[in-house]
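Hi,

Here is the structure I promised to send over. Have a look at it first, and then read on for my notes.

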Amino acid sequence: MGITNSNKVINTDRISCDGTLRVTLALTASPDIVSNPTDIVLILDRSGSMVGAPLANMKLGAKTFIDLVSEATGGKQDGQIGSGSRVGIVSFSNTATADTQLITSTDVLKAAVDGLKAGGSTNHADAFSQAMQLFDPSSPSAKIMVIFTDGNTTSGEPPAPVAAAARAKGIVIYCIGLIGSDGLDIHALNNWATDPDASHVAVTPDAADLEQLFSELAANISKTGATNVVIHEVANPDFMITGISTPTKGSATMLDVHSLRWNIPQLGVSASESASVEFFVRHVGQQSGTKLVNQSITYTDDEGNTVYFPKPTVSVECDIVVQPEACPEAVQLSVDGCQDSVVVDLGDVSLASQGRIIQMDVTIKNVCPGKRVALAAILTELDQDGMEHQRGMKAMTIPAHSFPICRDVLVKCIKFVVPEDLSVSGREICSQRKFKARFLANSIDTDYRCCESVLTF
């Protein structure tokens, strides 16, 4: 069967600016379907939320799955699934129906899929029960359920005990989930599926991805395990890999702070087998937003398996940073190798003021979205008697932010050049100096509008 499932998951969907994520890569591989006949039941959701594009894409995916299994077993020429394997169709809404038994005719199977119409609630428990009834307990063939759903359970008994009973009978369960209009309980899919969850559950928010998920599962079912597996993961530049746990199979090596390589000598060659590795990444970027965790991931093996890994995203929340004053433009210079000293004329610089430079940061609390802020910074210096002397005031406009809620805004690099006033700071050039800084902040924008009076006679 080759690689029958692959997955990539993260342990949270939201982190702070310097937060850390745990990333899990997982694979499952099984022996060749030609020498290991397999009975497969496709369990397809036809509840009311599947109307339109979700149903059409699910049908396309299921029919592609049937064709690929037929081709892999040598039966494509005569429209049959060969080598002793069979496929059956169960669909469900309020209740479940066995649309076919376990059969080999691809035409009958695809006609059953084409005939599905959406409507009603979602009864997962009955779907599992109907699918179990299709399997012959005395058959030596491997047994697989592939359940597709786009919603939560809304009718019938709790499905988890029924799925557990199927797994106890040696049935391998894969779950494909579409996040539909009424949401999707991913925890429930993980509970139904064969362990490990990461390699037996695939979820997408986009119905257009369904054909790819179905077809890759079917394509990988046709191949024998996998040997000399190499997975190369490159993290998004905004993330740094901080550590790798020992994988359940093979070995994993960090190539640099942004990439790793996972090698597996063989997986699923003689029996169905899963492998996973966990690694940890820390966000090192400075900007908020929803970000892809990885920049790229590649997979190779000696069998030429096609493997798709999801691309998880995480919401990163960083402080808003404003720098109202730019730093002076830098002048480049270079020192040649083995050169002990260098003399360079860097041109002219204007004297801003004699004295010292004070650079301050300040956080403005609870700035609401769409509101500019007027900020004033006032700097004074204390003499030996505690009297204050003006050293400067700066006023600036802080741009409005578009974050959906009020939040703090960090204003950085407010610079003052203060003179060496020996009558205030003391009689020595390098004596300690004491200052006071005050900040005033007000919202500029308001939603208030005067009422317009209309006089009538």
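A polar atom in the side chain of Thr100 sits 3.0 Å from the backbone nitrogen of Ile89. Please keep in mind as you read that this is a predicted model. Thr100 belongs to the loop that runs between β6 (96-98) and α2 (106-114). Is Thr100 buried or exposed? Its relative accessible area is 6%, so Thr100 counts as buried, the cut-off for that label being under 20%.

Another contact of a side chain with the backbone is found at the start of α3. There, a side-chain oxygen of Asn123 comes to within 3.4 Å of the backbone nitrogen of Ala125. Ala125 is also one of the buried residues of helix α3, which covers residues 124-134. The others on that list are His124, Ala127, Phe128, Ala131, Met132 and Leu134.

Next, a sheet. Three strands make up an open sheet with mixed pairing, and their order is β18-β22-β19. β18 and β19 are the edge strands, each with pairing on one side only. On average, neighbouring strands in this sheet are turned by 20° against each other, direction ignored. Between β18 and β22 (residues 407-418) the pairing is parallel and runs over three bridges. If you would like a place to find this pair on screen, look for Ile320, which stands opposite Val409 in β22.

Two residues in these strands have a backbone angle you may want to look at. Which strand holds Cys413? Cys413 is in β22, and its phi is positive, about 65°, although Cys413 is not a glycine. With a relative accessible area of 10%, Cys413 is buried. Asn366, in strand β19, also is not a glycine and has a positive phi, near 55°. Asn366 counts as exposed because its relative accessibility is 55%, and the cut-off for exposed is over 50%.

Last, the surface. Which residues make the nonpolar patch of about 480 Å²? They are Val331, Leu333, Val335, Val342, Val344 and Leu346. Of these, Val344 can be placed in the loop between β18 (320-322) and β19 (356-367). Why is Val344 called partly exposed? Its relative accessibility is 41%, and partly exposed is the class between buried, under 20%, and exposed, over 50%.

That is what I have for now. Happy to go through any of it with you.

Best wishes

Conventions. Residues numbered from 1 in each chain as written. Predicted model: local features only at pLDDT ≥ 70, side-chain atom pairs only at ≥ 80, totals over all residues. Heavy atoms only, no water. Patch = residues over 30% accessible without salt bridge, like charges linked within 9 Å, V, L, I, M, F, W, Y side chains within 5 Å. Areas by Shrake-Rupley, 256 points an atom, 1.4 Å probe, with all protein chains shown as cover. Salt bridge = Lys/Arg side-chain N within 4 Å of Asp/Glu carboxyl O. Helix = DSSP H or I, 4+ residues; strand = E, 2+ residues; numbered from the N terminus. Buried < 20%, exposed > 50% of the residue type's maximum accessible area, 1.4 Å probe, protein only. Polar contact = N/O pair within 3.5 Å; in protein donor to acceptor, adjacent residues only side chain to side chain. Pairing = 2+ DSSP bridges. Axes fitted to C-alpha atoms, helices over the stretch in contact; angles between N-to-C directions.
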